[in-house]
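The following exercises concern burial, helix packing and nonpolar cores in a predicted model. Each task is followed by a worked solution.

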Amino acid sequence: MPESAKRQPARDEAGVRRRVLVVYNPTAGGSTRPRFDRVLEHLSRLGATVTVRETMDRGDAERIAANASSGTFDIVVAAGGDGTINEVVNGLVGSDLPLAIVPLGTANVLAAEIGMPLRARRIARAIVRGEVRSVHVGSVNGRRFLMMAGVGFDAHVVANVDPRLKRAFGKLAYVVETLVGLFRFPYRHYRVIIDGTPHDAASVVIANSHYYGGRFTCAPQARLDDPALHVCLFERSGPWSVLRYGWGLVAGRLHRLRDVRVIAGSGIRIEGATGEPVQCDGDITGKLPLVARADAARMNLVVGAAAAS
């Protein structure tokens, strides 16, 4: 849908966000375009003035969000997957504009974390009237993240998954790459320094929220309103250990395995082979070495009914 002005509101109401900028990734979740169109229809019925900006290349969402002005818009909406959301989060650094999401991606981890509904009418109502919360963000090598960052096996899966398979088959593409990665991953170890204390790990996930890869739990105590980061240390390497960790994740028992430790901290450094990929909110954003921090800055996020209750 091109940029368009929908029905003008008859009157203003306190707390109602009517000037809506939507940053839309048209390649996210190939079958979700009808949901996106329905959200726009419901926003119009709620009296919102909607501006849609489509992304074409990596970095577009961040640039569009960075140029959004609170004098022009009341809210910025990221319509796409977790990678699109991460770009918008980074574009809103220093802005007090709230962020809402229309989950259209493969995993939609943030949507699960904040209780954002999947029905178009409820998404639209949350955008216009939903509760706004101030949440903590983390940073990895200077780049913000809302959910998680990772080094090791999961980062290699993210780095090597075929984008065409991801668009065609969604989460199944990650399953395929995980099975292939069992035999391709180099199984190195990493030196992880958490608030000055060194540790050794075969893979690492730094969590700012407790959901991982959908509605699976990696760090059960991590929350967006908790200023600490929670570092998941996977101590053993090899295909069998990866399969066991995968079983623990699906079974909800990952954090209870004896060779998995979760340590809260505010400053993390990870050292390993130069050039090892680093994933941030499900996209590759850099390479080792990694320096992660619990960012002192916060951002305004629209949450769904489940998170607000």
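**Exercise 1.** Determine which residues of helix α6 are buried, and why α6 counts as largely enclosed.

*Solution.* Apply the cut-off first: a buried residue has under 20% relative accessible area. In α6, this criterion is met by F153, D154, A155, H156, V157 and V158. The helix spans residues 153–160, and six of its eight residues are therefore buried, so α6 is largely enclosed by the rest of the structure.

**Exercise 2.** Describe how the axes of α1 and α5 are arranged, and identify the residues that meet.

*Solution.* Begin with the geometry: the axis of α1 (residues 33–45) comes within 8 Å of that of α5, and the two cross at roughly 50 degrees. Angles from 65 to 115 degrees count as roughly perpendicular and those under 35 as roughly parallel. The two helices are therefore oblique to each other, and their crossing is right-handed. Next, list the contacts: α1 contributes R35, R38, V39, H42 and L43, which meet A120, R121, I123, A124, I127 and V128 of α5. Sorted by class, this contact comprises seven nonpolar, one polar and three charged residues.

**Exercise 3.** Locate the largest nonpolar core and state which helix gives the most to it.

*Solution.* The largest nonpolar core has 70 residues, and L43 and I127 are among those with the most contacts inside it. Helix α5 (residues 120–129) gives the most, with six residues. Now follow L43: leaving aside residues up to four places away in sequence, L43 touches A48, V50, A124, I127 and V128. Finally, a second, separate core of 26 residues includes A149, F153, V278 and L288; F153 is also one of the buried residues of α6.

Terms used: Residues numbered from 1 in each chain as written. Predicted model: local features only at pLDDT ≥ 70, side-chain atom pairs only at ≥ 80, totals over all residues. Heavy atoms only, no water. Core = buried A, V, L, I, M, F, W, Y, C linked by side-chain atoms within 4.5 Å. Buried < 20%, exposed > 50% of the residue type's maximum accessible area, 1.4 Å probe, protein only. Helix = DSSP H or I, 4+ residues; strand = E, 2+ residues; numbered from the N terminus. Contact = heavy atoms within 4.5 Å. Axes fitted to C-alpha atoms, helices over the stretch in contact; angles between N-to-C directions. Parallel < 35°, antiparallel > 145°, perpendicular 65-115°, else oblique. Left-handed = near helix turned anticlockwise from the far one by under 90°. Nonpolar A, V, L, I, M, F, W, Y, C, P; charged D, E, K, R; others polar.
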